Amino acid sequence: MTRKRRSLSLAWRVTALVFIPILISFISLGWLIQRSIENHFAEQDAGELSVIAQSVENALDSTSSASLSSTIDLPSSLQEKLTGAVSGHHGVYFAVFSANGDLLYSTPGPDLRTLVDSLAPAKTVDVDALYTWQEGAQHYRGTLLDSDGGSTLNTSPVTIAVAASTNFHHQFLANFQITLTSIMLLTGLITLAASWLAVQLGHRPLHKISQQISVIRADKLSSRLTPEVVPAELEELVRNFNDMIARMEDVFERLANFSADIAHELRTPITNLTTQTQVALGKTRSAEEYREILYSNLEEYERMAKMVSDMLWLAQTDNGLLKPSFMKLNLKDEVNALFEYFEAWAEENNVSLVLDGDDTSILGDRAMLRRALSNLLTNAVRHSDRHMPVTIRLRNDQNGIHIDVENTGPALDPKILSKLFQRFYRADPARQHHGDGAGLGLAITQSIVTLHGGSIHAHTEESRIIFRISFPR
């Protein structure tokens, strides 16, 4: 089994993001400094070579061409002048070549023919035209100049090669590079340590928040973090965490109440069944009496079965296991079908059923929508005043499709209206065992409406109680 590789810690990520750009900046700065010093030395050498070249040209210009006997053996006066051309200068060298490349004069030192073989003669000393080379452990920088003015030997132009030793420059640059590299490494280590320390100090609020979160348990969901005392960057995180805890607290509270309600609702029929069974077994009874007891027990079983079925249905919708099968439905036809089913029971309760509205179509699940409307219609008929109508109104406007189920009856407290869709809630607990169901009908209706992307709420207008379902267009 391969072990999953652990991702890089946040501290190292931030440290790397800070350190790498700084390191690149240090390297770039060091390279720029070194290049600047090299260019400075090149300009310095170019200036000195220009002075030497000018001295050599002056020495050649001061000698008349008529006084020269050959292009190889220079007059002693010219040799003296050429020797004196570099007096006072150390580490500089020059050579004079004829037009055909013959060496006419050279100072002791490096072989300056290298310049003749590598460069084309120039008119002036140019930094970009300087040539560097190495002979053994010695480093040189030089250039080649074409002297075609008054500097002639036997009326032939000459070429002047000038060079300077750069050993000092190379040694300085080598030492400077070592020093600069050491400084950069030391600075980099200090920067890395400072970045790491800064990240650790910056993460302290996160560690404090983590410690506060670690003590929150299921029995302490009322605990909240204080967003005002954390850094601004973490304030949104803390507020979102508090919102999440609030939602969890609400879910846990509803779950606890739901469990308590289930226990309460199941305890009553189980108690009834136990009591009736004990009474039946208390003495010998006739077959008719046993039959009545069994019918009574059957009602309790059916009530329990319906309650369990409703709870399973709600659990499936809560977990997204039930999906509506959408089809185009005519709401007026669906309501008329429900009226036919409830008509006899409504007449028995002296309640009339009224449909108001035009044909309205909607995409929905027929079984689910009929169940939702059936629950509302059952609730309205059961609690309506006698000899008063129960009305279903259909309305289609720019805000959506609306279904109102209204009946007349005693006014309900606004606090009760806000709780009607809670599971197992009954506005009148005293009526809970007289065929009113387990208090899950409106909760199921709300789940169905939510699955269809709609909303439902209850309100009162004078003596009317209205349940309004709204679907988006």
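Why does Val251 count as partly exposed? The reason is its relative accessibility of 42%, because partly exposed covers values between the buried limit of 20% and the exposed limit of 50%. This is a predicted model. The points below cover a surface patch, a five-strand sheet and the helices that go with the sheet.

**Surface patch**
- Val251 sits in helix α6, which spans residues 232–280.
- Together with Met244, Met248 and Phe252, Val251 makes a nonpolar surface patch.
- The patch covers about 320 Å².

**The sheet**
- An open sheet is formed by 5 strands.
- Their order is β7-β9-β10-β12-β11, and the pairing is mixed.
- The edges are β7 (352–356) and β11 (455–461).
- Each edge strand has a single partner strand, so one side of each lacks a neighbour in the sheet.
- From one strand to the next, the twist averages 15 degrees.

**Where β7 meets β9**
- Strand β9 takes in residues 389–397.
- β7 and β9 run parallel and are joined by 5 bridges.
- Asp356 stands opposite Arg393, a residue of β9.

**Helices and the sheet**
- Helix α8 (residues 331–348) packs on the sheet.
- α8 touches β7, β9 and β10 (400–408).
- The direction of α8 makes about 170 degrees with that of β7.
- Helix α11 (residues 441–451) lies across β11 and β12 (464–471).
- α11 runs at about 130 degrees to β11.

Conventions: Residues are numbered from 1 along each chain as its sequence is written. This is a predicted model: local features need pLDDT of at least 70, side-chain atom pairs count only at pLDDT 80 or more; totals for chains, interfaces and linings use all residues. Side-chain values use heavy atoms; hydrogens and water are left out. Patches are made of residues with over 30% relative accessible area and no salt bridge: like charges are joined within 9 Å, nonpolar side chains (Val, Leu, Ile, Met, Phe, Trp, Tyr) within 5 Å. Accessible areas come from the Shrake-Rupley method with a 1.4 Å probe; for residues, only the protein chains shown count as cover. A salt bridge is a side-chain nitrogen of Lys or Arg within 4 Å of a carboxyl oxygen of Asp or Glu. Helices (H or I, at least four residues) and strands (E, at least two) are DSSP runs, numbered from the N terminus. Buried means under 20% relative accessible area, exposed over 50%, partly exposed in between (1.4 Å probe, protein chains only). Two strands pair if DSSP finds at least two bridges between them. Axes are lines fitted to C-alpha atoms, for helices over the stretch in contact, and angles run from 0 to 180 degrees between N-to-C directions. Contact means heavy atoms within 4.5 Å.
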